[in-house]
Structures are given as structure tokens and as C-alpha cells.
Amino acid sequence: MTFEELGLSPTILQAIADLGYQQPTPIQAQAIPVVLMGRDVLGCAQTGTGKTAGFTLPMIEILSSGRAKARMPRSLILEPTRELATQVADSFEKYGKNANLSYALLIGGESFVDQEKKLDRGVDVLIATPGRLIDLFERGKILMNDVKILVIDEADRMLDMGFIPDVERIVGMLPKLRQTLFFSATMAPEIRRLADAFLMNPKEISVSPPATAATTVVQAIAVVETEQKREALRRLIRSENVTNALIFCNRKRDVEILFKSLTKHGFDAVRLHGDMSQPARTETLEKFKRGEARLMVCSDVAARGLDIKGLSHVFNFDVPMHAEDYVHRIGRTGRAGREGHAFTLAAPSDGKYVAAIEKLVGGAIPRIAIEGLEGAALSSGREARGRGGRHERGRPKQEKRQPKVDEVIDAVVPHPEREVGRHAMLEASVALPLPAEKESHLNRHQRRSGGRDHQDAEQQAPRPQRRDGRVHRNDDAGLPGLAFGDHTPAFLLRRGRTSEAR
Ligand code: AMP
């Protein structure tokens, strides 16, 4: 299958060729002709499958005829996070460079004035996070009567983040006669219920996850005392051939502390977390993507979907509390078939979390020792995870010496082929694919708990109330999961305001 066979016009084909894409990915091959026909799509696909081009390319084609009126966008794309919304806007710029289309990005944290000016001029494509869109709509700055195409992207993430009531309200503002494209990485019953409500006779398209990160990522865990983690990280970074790396912490506060510490020790680092202003977040990410900083210390806001070309390493400064976050984090490296490296620093009390990760990824992750540091052993998992290591009275002694990074590699391939050896290690013993059914099991578990247990510490801040008693929207800045079916906000139950499904 070639792009030429999909029914796209020469200007779009040229933009694709300029990007060096040889052939459509499976989701593109299946979705593009269907979208061009004007049919609804229910797509089960993850990031990394090329799904963004799967909907942006035909949208550019469809929107190329017609003009936008002031404040009346012709299409709407809903994204759960600001970073994903920005990434989709970038895709429009890339794929639509030969099309004369305008788009606006409506995300929290950006100036209302600039966004309103753009809307006043008329936009063909509006890319938005739900909260900011509702705010603008309520202030009468935007009319949705002309939206002919709606894309709901990452629906499962919307559910996790408690955005479904907002999405329902938005859908209720749109014309009933429209084309809807709905994408989700998983199809839990709640997601399917939503899809049934929003879509009309959709074409169902399901593609397998991209080669899971774990198949191209060399993974290892170093167990060290909590107070030695910063030293351990510095040693790891120095001993590894790090081109660029994300360093994940579980809490925003720790992102700041680690960023300052690394900078003080002369490392070229930036940081990203949900408490930063949106311009600062955007600028940091751009700087890191341009290669102007080698290390980015971040919270899980950077874990999902971000596409950073050729990221060589992911370091988990903290073991994530939710096993699926581990998969998302390490999935930032080892993309597009390249080899990646993911090192996790575990404290002795992290036993339970490491066990959950190993269960999820379907195998043991090799332990390594860090040169010059005394290692430790993981607890069985019954002890509570404490802070600062003080709780670890009677902590288990290290049972046996852990191999160093290179020893693990040497065990597979002798020294001269060390670089190859890393790869061999990955192929031979460390490739830990994440079976699809594990992921859906995991998502089922999340749904049952209303999404709440998915939120990391950063995301467990109480959702602030406005004076009118409504919940203050802050898009992806860390909200507890008010999941669909779990709690329906009062405003949704008010007569005449409930969003109508078509
Ligand atoms: P996505 O799943 O939409 O986030 O896309 C993941 C990555 O795949 C992005 O970096 C795209 O630029 C890239 N990509 C999308 N479609 C193709 C294609 N047909 N050939 C090569 N790369 C692609």
C-alpha cells in the first residue's frame, strides 16, 4: 500500500514525501480512505502507531475546500493534555504546509487574548484541551455550530483524567450532523459506551500496539538506599553514553529538587512538571527537543505520547507507583525501532512496586550495581514505602553482589562487541514485551477504581472548587479522576445542560 493509493491530493502527498514517509502505517492505510468517505471511525490505536497522521491527513484534504467564519471553527480535535495538543498542532503544520488552512491551539495556561484573536480571524482546525474550550465557549468567544469534524483523541486518557463529563458537554454543543473520529488505546466498557453515544455507524479499526517500547529497550534496576539515589543517578549518567535523557520523579517537588541538584553538579538539565506556567512548559520541551539540554527532569506529565526523536535514555529516579506508568515512561525511548535504555533507581522499600512492574511487563528486570556505591536489596513489599530511608529499620541486608552494568552486558557478549552486546542482551534476555491483554487487564483495574489510582502523587491534589460550587478546570494540571459513571457533577444533571449524545 502506498500513500498515492489512499486518495490524498498531490500537495499533501508532497508534504508526506518531504517528511520521508515511505508508506502508510496500518492505522493510516485503514483510516484515511474511511475518513475521506465521510464515515465515523472508532479507532483502537496507541500513540506511536502513526494515528495522528491517520486523522490529520484526511482532515486537511476535506477542509481544503471551504472557508472558516470568524469564531466558528470547522473542525475540533480534543486532546487530554497540553503537550499532546501541541504535538497535534505541530502535525498540522507539517502535513498541511502546502494547504492554506488555519488552526488554533486552545490550551490552558496560554494567553486568552492571543487565542481569541486567532479565533476572531476564523480557524479551520481547533485543537483544544476540554477545560479551556469550555471556558471560552461559556464566555461567548466561540461558536460550535460550524464544526463538521470532531476528533476525540486518547479517550482512555480522558477517562483516567476525569474529563469525560467535559467531553460530553462539548459534544452536546456540536451539531448533530457531523463526522466523528474517536481514538482510544483500549476499549474498556466505559469507552465503548461513550463511543456508542458519540458515533454513528462507525468503521471500527484496531491496530496492534507499536513494537512495545520494551522490545527495543535495555532495562535494568539498581537498588540503592534512598539517600544515595542522587549520587547513583550521577554515576549512572556519567557511565552511560547518554545523548539525551528523561529523568522521571514521582512528585513535582522532587523534580525541582533533582533539577537543582543536577544543575549544581554541572549537568546540562531542564525540568518539566505540571506546576510550571504553560509558556515555560512549552519552551522547556522545545529546548529539550532541539537538543539544547541533554537531560530533562520531569513528572509523569511527560510520560505519555511525547515523541522525542532519538531519546537515548530514560532514568526513573523514583519507581513509579503505578506499574503502567513505568511502561509509558520507558516508551519514550527505544522508539521507531531504535535501541533505548531505561534505568530505574529503586529504594529498598520499593519491593512491592518493582514486583508489580515485573508482573505487568511479564518478566524480571535485571538488577545492576553502581560502581563505587554499596547496593541494597528490595524488601518483600510488606513494609510501607517511607520517605528518606529512615523507616527502613531492620531493612533486609543485600543478599548477593549485583553485577555492574557492563558485567550484565558482558555476560551476554564479550567485551569487544560491547555495543552490540547491549543489543544482544536486549534480544536475548531482557526484551519484555507488554502483552496487549495485560494492558487491557490493567486498564480494567483502573476503570474499576474510577481512574483514581492511576493518578500519581502529583495528580492527587484536590480539585479546587470555584465560588459557584463548580469544579475548577485545569486541564491536565493534575486532577483526581472523576471518571464517567463514578461521579456525575451537579451541573451535568441540571435540566437543559446535560450534553446530549446523538
Ligand atoms: P503518532 O502515533 O501519530 O504519535 O506518530 C508517531 C511517529 O511516527 C511520529 O513521529 C510521526 O512523525 C511518525 N510517522 C507517522 N506516520 C509515519 C509514516 N507513514 N512513516 C514514517 N513515520 C511516520
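Over which residues, from 382 on, does pLDDT stay under 50, and how many contacts beyond four places in sequence does the model have for them? Select residues 382-400: pLDDT stays under 50 there, and the model has 33 such contacts for this segment. This is a predicted model, and its protein chain averages a pLDDT of 78, with 73% of the residues scoring at least 70. Next select residues 406-502, where pLDDT again stays under 50 and the model has 206 contacts beyond four places in sequence. Where pLDDT is low, the predicted coordinates should not be read in detail.

Now turn to the aromatic rings. The count of aromatic pairs comes to four. Select tyrosine 21 and tyrosine 95: the ring centres are 6.1 Å apart and the planes stand at 65 degrees, over the 60 degree cut-off, so the pair is edge-to-face. Tyrosine 21 lies in the loop between helix H1 (10-18) and helix H2 (26-36), and tyrosine 95 belongs to helix H4 (residues 82-95), 74 residues apart. Colour by accessibility: tyrosine 21 is partly exposed at a relative accessible area of 31%, whereas tyrosine 95 is buried at 6%.

Move to phenylalanine 182 and phenylalanine 198. Their ring centres are 6.4 Å apart with planes at 55 degrees, so this pair is tilted. Phenylalanine 182 is in strand S6 (residues 179-184) and phenylalanine 198 in helix H9 (residues 189-198), 16 residues apart. Both phenylalanine 182 and phenylalanine 198 are buried.

Finish with two charges over rings. Select arginine 139, whose charged end sits over the ring of phenylalanine 112, 4.2 Å from the ring centre. Then select lysine 229: its charged end sits over the ring of phenylalanine 317, at 5.0 Å from the centre.

Notes: Residues numbered from 1 in each chain as written. Predicted model: local features only at pLDDT ≥ 70, side-chain atom pairs only at ≥ 80, totals over all residues. Heavy atoms only, no water. pLDDT = per-residue confidence, 0-100. Contact = heavy atoms within 4.5 Å. Phe/Tyr/Trp six-rings, centres within 6.5 Å; stacked < 30°, edge-to-face > 60°. Helix = DSSP H or I, 4+ residues; strand = E, 2+ residues; numbered from the N terminus. Buried < 20%, exposed > 50% of the residue type's maximum accessible area, 1.4 Å probe, protein only. Lys NZ or Arg CZ within 6 Å of the ring centre and 35° of its normal.
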